[in-house]
Amino acid sequence: MQLSDDIVYLKGVGPQRAKVLAAELGVRTVGDLLEHIPYRYIDRSVMATVAGLTEEQYVVLKGQVANLQTTATGKFRERLTCDFHDGTGTLQLVWFAGTKWVRERLKPNVTYLIMGKPSLYNGQWQLSHPELEPATATVDSRQPYLPVYNTTEKMKSAGLGTRALARITETLVALLPALPETLPDPILQHFRLMPRREAYINIHYPTSPQALEQARTRLKFEELFFLQLDYQYAHQQRVTASQGRVFSRVGEHFNQFYSQKIPFPLTGAQKRVIREVHDDMRSGRQMNRLVQGDVGSGKTLVALMCMLLALDNGCQACLMAPTEILAQQHFATFQRMLEGMPVEVALLTGSLRAAQKRKTKQRLAEGEVQILIGTHALIEDDVEFHDLGLVVIDEQHRFGVQQRSRLWTKSAVPPHVLVMTATPIPRTLAMTVYGDLDCSVIDELPPGRQPVRTYHRLEGNRLRVFHFLKEQIDAGRQAYIVYPLIEESEKTDLKNLLDGLEMVHSYFPRPQYQTSMVHGRLTAEEKESEMQRFKRGETHIMVATTVIEVGVDVPNATVMVIENAERFGLSQLHQLRGRVGRGGGQSYCILMTKDNLASNSRERIRTMCATSDGFQIAEADLRLRGPGDIQGLQQSGILDLRLADIVDDEPLVRATRDTVRDLLAADPTLSRYPMLQQHIARSKNKMLWGKIS
Ligand code: ADP
Ligand code: MG
């Protein structure tokens, strides 16, 4: 038998089931089936008893059958039932199909093992279509563990329940040919990894808990190792092969800004990141750098100064923001900061009038516009740059990989790319998925920031919460009250918001207290004017849906109340909280929720109250949501891990990352490892995306 053999020839499969396996699991060859790994195991030495059944869960029972009865349930249909005794109690077994076959085989006075998930029916335990086999002594001792596989309804009706599948994999494992090793010998030895063949046998039919653990470790290691190899190899290729513009000059734009215009001294972290970016941009290779900085760490200023470096070297730069409001805000900030300097800044967003857009595009193509700020309108086909040298992408999590890739087509020599995110990528994830990106971290907040105090409050506390708000406002501060946006129904969202506003007005009577309101139904101008009133201090409370989520900057606002906080994701809550604590003194974030929270929501709220460290929050987020959820990864299929868990297996992630790094450092072309070279050749096609993120 070979791994490439068609599954149809394996004992117990046949054409019918082969078709189902291909359709349902994508399993076509023997090797595919080997990769269909059990998601758990039943320990047959731990026998349940009928008397001990308490909840509906998968169990193994041992006993005998009696009282076989068939009842007609239709012209050609019948139901077969029998009693199953195990000495502690009786359970009813039921079959609705294939009854003839079962009836002919079930024998009294034979001891059976039955497996399945019993359910309580009219006070009696019942088990329909149990997995069943004679309990011969040999079965028990030879293989205590039975694999349990994911199966689908279609598979079950084709006679491919988890037990049937287990019988097939049992044959497979018994016939398993020698498997070529995929990992270099020294690595196997150093980490004492189980040989590949043994690992596959044990992952299906473990001989002991220890063997199972070793098998798992071996296969996870392999999975993570090749992931690392792909990314790090791609990274190395980029470093050695890809051309970049050389921005060696630090010129008039940068210097004038730094000596005359800069509104405050840079933090140490900001300086370091600007230096890292500058080093990249003059190295001769194309920069692909991710800057992570918690909300409020001052990424905009870093972006601006890096863009001035591009200008000093005769190039244009652009800044791409995820929303109109943010693009407008950046545009205003840039104009303000660059006032009096000979720098042409322009804004390009979807809502501009056609004539305005045309004009801006023309000035851009002629090189008259030096800094372009915009939304995804920037990546439309008809936007042409004169000579684009640097692209800054703000709040990266909202941009898909594909969108980013389009920027590459905007310039003959690929521009340098700087991605800024306030949603820190958990370290383990960064190590795997972003293994080929260079990372900078702004790990220092501007001086004078106090951590935001965060509290969890229930509806019953509302009066006290509003009372507190009043105190703050009377002391000259401003506050946000944020409502969740449920995309299913804009109408309901608006109603929630308006109800909320009414309640706010009843506690905060006008004209003494003024409110602004921002929501998705407003036009860009309306939003902007509401924002401005709040910014100028004309209104005390900003009632909003999450449109204010990212980037908005009003230092005097020191209280953030988040309504129905349980409906928000962790990173969203963290972003929202980042709107306060921006320099106006002690700030507060109050998370309002209903009484009975699901455990996941409770955990999110707890995390928010416990920490303001973006990294910790990102890791908790990953843990609570699972990596499959992380935006952009799913759509691009990057994080396709079958076995390893990006959070729980951090030690393995580290070990494989370091191993691959050392391997490539010692032997960049992998000349000593033909099998790794082959792997690289195979996965090259899949890696195209690596160039663009
Ligand atoms: P974010 O990293 O969240 O994008 P911003 O760039 O919006 O943060 O900066 C947050 C606030 O901190 C802004 O008001 C900005 O003017 C201010 N800021 C940025 N850098 C410094 C600094 N070095 N010292 C003091 N304040 C700063
Ligand atoms: Mg920002």
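**Strand pairing, ligand shell and aromatic contacts**

Valine 391 stands opposite valine 417 in β15, a convenient place to enter this predicted model. Residues are numbered from 1 along each chain as written, with chains lettered from A and ligands numbered from 1 in written order. In this predicted model, local features need pLDDT of at least 70 and side-chain atom pairs count only at pLDDT 80 or more, whereas totals for chains, interfaces and linings use all residues; side-chain values use heavy atoms, without hydrogens and water.

Strand β15 covers residues 416-421; here helices (H or I, at least four residues) and strands (E, at least two) are DSSP runs, numbered from the N terminus. Of its 6 residues, 6 are buried, where buried means under 20% relative accessible area, exposed over 50% and partly exposed in between (1.4 Å probe, protein chains only). In a regular strand, side chains alternate between the two faces of the sheet. Both faces of β15 are covered, with His416, Leu418 and Met420 buried on one side and Val417, Val419 and Thr421 buried on the other. Strands count as paired if DSSP finds at least two bridges between them. β14 and β15 run parallel and are joined by 5 bridges. Strand β10 (residues 288-293) also runs parallel to β15, again with 5 bridges, and asparagine 288 of the model stands opposite valine 417.

On to strand β11. This strand spans residues 316-320, and 5 of its 5 residues are buried, so β11 is largely enclosed by the rest of the structure. Gln316, Cys318 and Met320 lie buried on one side, and Ala317 and Leu319 lie buried on the other. β11 pairs in the parallel sense with β14 (residues 388-394) over 5 bridges, and cysteine 318 stands opposite valine 391 there. A parallel pairing with β13 (residues 371-374) has 4 bridges; in this case alanine 317 stands opposite isoleucine 371.

Ligand 1 is surrounded by 16 residues, the closest being Gly296, Lys299, Thr300, Arg449 and Asp553; a residue belongs to this shell if one of its heavy atoms lies within 4 Å. By class, the shell has 5 nonpolar, 6 polar and 5 charged residues. Ala, Val, Leu, Ile, Met, Phe, Trp, Tyr, Cys and Pro count as nonpolar, Asp, Glu, Lys and Arg as charged, and the others, Gly among them, as polar. An oxygen atom of ligand 1 lies 2.6 Å from a polar backbone atom of glycine 296, while a nitrogen atom of the ligand is 2.8 Å from an N or O atom in the side chain of glutamine 270. For threonine 300, a polar side-chain atom is 2.7 Å from an oxygen atom of ligand 1. The protein covers 85% of the 560 Å² of accessible area that ligand 1 has on its own, as given by the Shrake-Rupley method with a 1.4 Å probe.

Aromatic rings offer a further view. Rings of Phe, Tyr and Trp (its six-membered ring) pair if their centres lie within 6.5 Å; planes under 30 degrees apart count as stacked, over 60 as edge-to-face and the rest as tilted. The count comes to 9 aromatic pairs. The rings of phenylalanine 508 and tyrosine 513 have centres 5.4 Å apart and planes at 80°, so this pair is edge-to-face. Phenylalanine 508 is buried at 0% relative accessibility, and tyrosine 513 is buried at 4%. Elsewhere, Phe191, Phe221, Phe225 and Phe226 form one aromatic cluster.

Conventions. A polar contact is a pair of N or O atoms within 3.5 Å; within protein, one must be able to donate a hydrogen and the other to accept it, and residues adjacent in sequence count only if both atoms are side-chain atoms.
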